[in-house]
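Biologist: I'm new to this structure and would rather get to know one corner properly than skim the lot. Pick a single part, please, and walk me through it and what surrounds it.

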Amino acid sequence: MGTANKTCSLEQRIYRFAASVSGIIALLIILWGCTANNFNARAIAWKTYSNSRYGFEFPYPSNWTSLVAPENDDGIAFTSPQNKTVEIRGWASQQLPNSIVTEQEPVKKIKSNFQTAQGVSGVLVVEVDQRVGSMTLTLIQSQVKYCWQGRSNSQEFQDYYRLFYYIAQQYRISKP
């Protein structure tokens, strides 16, 4: 019984090590692909989505298809013509004033790590798990929370990283 437990424990450790090494290798491959300079924004025909309710806009490839916009006009989503699981979306919502937020709802303060070409500071978060990779930009201006996100399956995320990053840089708030 003692030998079986040791063998099982050793196998679990080997599996965990292999899983962590493959995860690190996958992350390194993704990051290497993210730094590749093969993205040329001028080679893409662009359109601009403008949201009249919240006053934000961002470029998107002209051949991407828009999904049905919500009735409240808080944003939009577009999908790639080559792969419908690749999406970009932008939306906004009203924020509660800080005086209304109770101590039971702590406000999470994340330090700004990104600045748009317009000069607006915000938080850019890149997450990649086994299934999905995403890049999410969050900007807060005058009690409005602006969000933009690019998503793809994790295996293709490196192919879309530069596109997503470019769009996040070009995100504009017309009513700052």
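Modeller: Let's take one aromatic residue, then its partner, and then move outwards through the strands and the helix.

Before we start, keep in mind that this is a predicted model: local features need pLDDT of at least 70 and side-chain atom pairs count only at pLDDT 80 or more, while totals for chains, interfaces and linings use all residues. Numbering runs from 1 along each chain as its sequence is written, and side-chain values use heavy atoms, with hydrogens and water left out.

Our residue is F78, which sits in strand β4, residues 75–79. Strands here are DSSP runs of E with at least two residues, helices are runs of H or I with at least four, and both are numbered from the N terminus. F78 has a relative accessibility of 2%, so it counts as buried; that label means under 20% relative accessible area, while exposed means over 50% and partly exposed is in between, using a 1.4 Å probe and protein chains only.

Who is around it? Setting aside residues up to four places away in sequence, F78 touches Y49, F58, Y60, W64, T65, S66, V86, E87 and I88. A contact here means heavy atoms within 4.5 Å. Take Y60 from that list: it is 18 residues from F78 in sequence, yet the two C-alpha atoms are 8.0 Å apart.

F58 deserves a longer stop. Aromatic rings (Phe, Tyr, and the six-membered ring of Trp) pair if their centres lie within 6.5 Å; planes under 30 degrees apart are stacked, over 60 edge-to-face, and the rest tilted. By that rule the count comes to 16 aromatic pairs. The F58 and F78 rings have centres 6.2 Å apart and planes at 85 degrees, so this pair is edge-to-face. It ties together distant parts of the chain, with F58 in β2 and F78 in β4, 20 residues apart. Both partners are buried.

F58 has plenty of other company, too: with residues up to four places away left out, its contacts include K47, I76, R89, W148, I167 and Y171. It also shows up in the largest nonpolar core, meaning a set of buried Ala, Val, Leu, Ile, Met, Phe, Trp, Tyr and Cys residues joined through side-chain atoms within 4.5 Å. That core has 29 residues, and F58, I88, Y146, W148, F164 and Y171 touch the most other members. At least two core residues come from each of β2, β4, β5 (87–94), β8 (132–141), β9 (144–153) and α2. Helix α2 gives the most, with seven residues.

Now for the sheet that F58's strand belongs to. Strands pair if DSSP finds at least two bridges between them. β1, β2 and β10 form an open sheet in the order β1-β2-β10, with antiparallel pairing. β1 (46–51) and β10 (172–173) are the edge strands, each pairing on one side only. Six bridges join β1 to β2, which covers residues 56–61, and Y49 stands opposite F58.

Helix α2 (residues 157–170) packs on this sheet, touching β1, β2 and β10, and its direction makes about 150 degrees with that of β2. That angle uses axes fitted to C-alpha atoms, for helices over the stretch in contact, and runs from 0 to 180 degrees between N-to-C directions. Within α2, F157, Y160, Y161, L163, F164, I167 and A168 are buried. F157 and Y161 make another edge-to-face pair, 6.0 Å centre to centre with 80 degrees between the planes. They are four residues apart in the helix, so about one helical turn separates them.

Finally, look at β9, another contributor to the core. Seven of its ten residues are buried, so β9 is largely enclosed by the rest of the structure. It pairs with β5 in the antiparallel sense over eight bridges, and ten bridges join it to β8, also antiparallel. β8 and β9 form a hairpin with two residues between the strands, where S142 takes a positive phi near 50 degrees.
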